[in-house]
Amino acid sequence: MSKPSWLQLCWRGTRYCSQSVVTAVCWMAWLVLSVLAIVQTYVATSHELTVPDFVLRKMEKTFADAGLRLEFGQAAFDPSGQFLLRDVRFRFANLSEPVLRADSVHLRVDPISLVLRQVEPKSVRLTGADLLLPAVFSPSGTAEALVEDLDATVSFGPQGRHLILEHLTARLGPLPVDVRGEWMLKPSESAIPPLDLLLQQIAQNYLKGCDWVSHWLPRIPPLDSPHLSVTVTPSTDRLAQVGVTLRAEGIELKLPQAGERPISISDVSLQTTFALAGPPQLVTTRFFGRSLQLDPLGSLEDLNGEIEALVSVPGRRFEPRIVSASIGRIVTTDGQIDSLSVQA
């Protein structure tokens, strides 16, 4: 029995409409995919995009909360989550002069967090930076660069308060410096992001650090090919343990007892380790020198010295307890004396 003509007509109309709807959906899907492909191709081939406005506002607020003003010349965004700021300057809110100048600042951010309109840097890198002592705090009355040619990368570990200093190179007065290591930020009652807490601590202690550096830099004697290496090891109760090694091919000392002629020591090394926080601790500082020239009297060979002292960095405390020294040989025009030592 054949179907009624009206039922066949309805069936053909329904099938035609359904095919039209499916065709329209397919074309729309292809159109959306084409647009997405064009956007992805543009993003993938573009090295620099315009930084979203909410990211800039967030960064400015982060520095403002720490008492700093952020200024920069240009800003660019890489699709992989890299932000680049060029010609960067940081100022204290109450000062007109910058305390830091940098050729560029790189921030690496998780791209997924940007979708949620959050800015949580995974690492920060400074290149071509100078740390400045403002003129109002400088003994000379003019702004001074205490640290020059600073290049550093800091990343934030999974624990939030864990900071990793991947590398830092700079020039501190006459000293080339390199620093590596890790440390833990002090715990905070409020859930402050690690970068915000780090900036607050730097801002609070910056001028004190500049005062300390400007006080001791002029006291460094002339050094031949010096290099200062610093390693930082995290400590739960003392924030971090800092190991310092200073090496130089030569050093010149002027002592009143030696007259006008300086005393020169070759192949010098100085090593010590101390804590950044906590109560005072006993610290041992070791010194070695290959040869000490006492022209025209003679020379001292293979010098070794140790100073044990009670040290507190926060309290600026240094109390020597035990001093010991040894000399391998004393060579004069009249003869030679071997193996001398003294302890006080």
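Helices (H or I, at least four residues) and strands (E, at least two) are DSSP runs, numbered from the N terminus. With that in hand, welcome to the tour.

This is a predicted model, in which local features need pLDDT of at least 70 and side-chain atom pairs count only at pLDDT 80 or more, while totals for chains, interfaces and linings use all residues. Residues are numbered from 1 along each chain as its sequence is written, and side-chain values use heavy atoms, with hydrogens and water left out.

**The whole chain**

Start with the protein chain in cartoon view: its secondary structure comes to 4 helices and 16 strands. Now colour by pLDDT, the predictor's confidence in each residue, from 0 to 100. The chain's mean is 78, and 77% of its residues reach 70 or more. Among the elements, helix α1 (residues 5–45) has the lowest mean pLDDT, 55, and strand β10 (residues 227–235) has the highest, 91. Select residues 41–46 as well: pLDDT is below 50 there, and the stretch has 3 contacts in the model beyond near neighbours in sequence. A contact means heavy atoms within 4.5 Å.

**Helix α2**

Next, select residues 53–65, which form helix α2. At 1.5 Å a residue, its 13 residues should span 18 Å, and its end C-alpha atoms are indeed 18 Å apart. The expected span is 1.5 Å times one less than the number of residues. Which residues of α2 are buried? Show Val55, Leu56, Met59, Thr62 and Phe63 as sticks to see them. Buried means under 20% relative accessible area, exposed over 50%, and partly exposed in between (1.4 Å probe, protein chains only). Look down the axis of α2: these buried residues fall within an arc of 125°, so they line one face of the helix. The arc is that of the directions from the helix axis to the C-beta atoms. Just after α2, glycine 67 takes a positive phi of about 85°.

**Two nonpolar cores**

A nonpolar core is a set of buried Ala, Val, Leu, Ile, Met, Phe, Trp, Tyr and Cys residues joined through side-chain atoms within 4.5 Å. The largest has 53 residues, and Val105 and Trp183 have the most contacts inside it. Centre on valine 105: leaving aside neighbours within four places in sequence, its contacts are Phe83, Leu84, Leu85, Val88, Val124, Arg125 and Leu126. Apart from the largest core lies another, of 8 residues, including Val268, Leu292, Leu303 and Ile330.

**Aspartate 130**

Move to strand β5 (residues 121–133), where aspartate 130 has its place. Is aspartate 130 buried or exposed? Its relative accessibility is 17%, so aspartate 130 counts as buried. A polar atom of its side chain lies 3.2 Å from the backbone nitrogen of aspartate 149. Not counting residues up to four places away in sequence, aspartate 130 touches Val99, Leu100, Arg101, Val147, Glu148 and Asp149.

**Three last stops**

Aspartate 87 lies in strand β3 (residues 82–92) and has a positive phi of about 50° although it is not a glycine. At 45% relative accessibility, aspartate 87 counts as partly exposed.

Serine 339, in strand β16 (residues 335–343), has a positive phi of about 55°, again without being a glycine. With a relative accessible area of 61%, serine 339 is exposed.

Finish at serine 312 in strand β14 (residues 298–312), which is buried, with a relative accessible area of 9%. Leaving aside neighbours within four places in sequence, serine 312 is in contact with Gly278, Pro280 and Arg317.

Terms used:
A polar contact is a pair of N or O atoms within 3.5 Å; within protein, one must be able to donate a hydrogen and the other to accept it, and residues adjacent in sequence count only if both atoms are side-chain atoms.
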